[in-house]
Amino acid sequence: EELGKILDLPKPALDEMVKAPLRRFDPDITQEPTVYRLQEAINHYGESIKLLINEKCGDGIPSAIDMYCDLDVVKGKKGEDRIVVTFNMKYLQYIEQNQSDK
């Protein structure tokens, strides 16, 4: 409530801010042009990225749970704005589990 007074926020806004985050997939979000283009880039380059990850890190997968995402805006060769999206993800090495390891 103290923060609400400082920021002059109504109680409903504060109530939303203290809720646990909602983690779900909304299929309608893929209709949003920016999300669609990001998904398109992953779909197009995904297999190559996967092969490079496996070449550099071995057999395993990146974790989207333990991840940081960063976005920068840089200038292109012609002075246009370009974005750089960085996914900093923990790598989970594949570990073969054998019956004899018990």
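In this predicted model, the second largest pocket is lined by F25, I29, T30, V35, L38 and Q39. Its volume comes to about 200 Å³. Sorted by class, that lining holds 4 nonpolar and 2 polar residues, with no charged ones.

One of those lining residues, L38, turns up again on the outside of the protein, where L38 belongs to a nonpolar surface patch. L38 sits in helix α3 and has a relative accessible area of 43%, so it counts as partly exposed. The cut-offs behind that label are simple enough: under 20% is buried, over 50% is exposed, and partly exposed is what falls in between.

As for the patch itself, L38 is joined there by I42, Y45, I49, L71, V73, I83, V85 and F87. Taken together, these residues put about 840 Å² of accessible area on the surface. Three elements each chip in at least two residues: helix α3, spanning 33-57, and the strands β1 (60-75) and β2 (81-93). Helix α3 gives the most, with 4 residues.

Next comes the largest pocket, which encloses about 540 Å³ of space. Of its 16 lining residues, the closest to the centre are I42, I49, V85, F87 and M89. Among these, I42, I49, V85 and F87 are also members of the nonpolar patch. The elements involved are familiar too, with α3, β1 and β2 each supplying at least two residues of the lining of the largest pocket. Once more α3 gives the most, this time with 8 residues. By class, the lining of the largest pocket breaks down into 14 nonpolar and 2 polar residues, and no charged residue takes part.

Charged residues do come into play elsewhere. Side chains of opposite charge can pair when their charged atoms come close. In this model the count comes to 5 salt bridges, taking a side-chain nitrogen of Lys or Arg within 4 Å of a carboxyl oxygen of Asp or Glu as the rule.

One of them belongs to helix α3, where R37 pairs with E40 and the closest N and O atoms are 2.9 Å apart. Both residues lie in α3, 3 residues apart, or about one turn of the helix. R37 is exposed because its relative accessible area is 53%, while E40, at 35%, is partly exposed. R37 can also be placed relative to a residue further along the chain: D66 is 29 residues away in sequence, and the C-alpha atoms of R37 and D66 are separated by 24 Å.

Helix α2, covering residues 11-17, has a salt bridge of its own, with D15 and K11 set 4 residues apart, again about one turn of the helix. Here the closest N and O atoms are 3.0 Å apart. K11 counts as exposed, since its relative accessibility is 55%. D15, at 35%, counts as partly exposed.

A further salt bridge links R82 to E80, with 3.2 Å between the closest N and O atoms. Relative accessibility is 47% for R82, so R82 counts as partly exposed. E80 gets the label partly exposed as well, because its value is 30%.

Conventions:
Residues are numbered from 1 along each chain as its sequence is written. This is a predicted model: local features need pLDDT of at least 70, side-chain atom pairs count only at pLDDT 80 or more; totals for chains, interfaces and linings use all residues. Side-chain values use heavy atoms; hydrogens and water are left out. Patches are made of residues with over 30% relative accessible area and no salt bridge: like charges are joined within 9 Å, nonpolar side chains (Val, Leu, Ile, Met, Phe, Trp, Tyr) within 5 Å. Accessible areas come from the Shrake-Rupley method with a 1.4 Å probe; for residues, only the protein chains shown count as cover. Buried means under 20% relative accessible area, exposed over 50%, partly exposed in between (1.4 Å probe, protein chains only). On a 1 Å grid over the protein atoms alone, a cavity is a set of points where a 1.4 Å probe fits but cannot get out, and a pocket is an open set with protein on both sides within 12 Å along at least five of seven lines; lining residues have an atom within 4 Å of a point. Grid points are joined across faces, edges and corners, and a volume is the space filled by probe spheres set on the points. Ala, Val, Leu, Ile, Met, Phe, Trp, Tyr, Cys and Pro count as nonpolar, Asp, Glu, Lys and Arg as charged, and the others, Gly among them, as polar.
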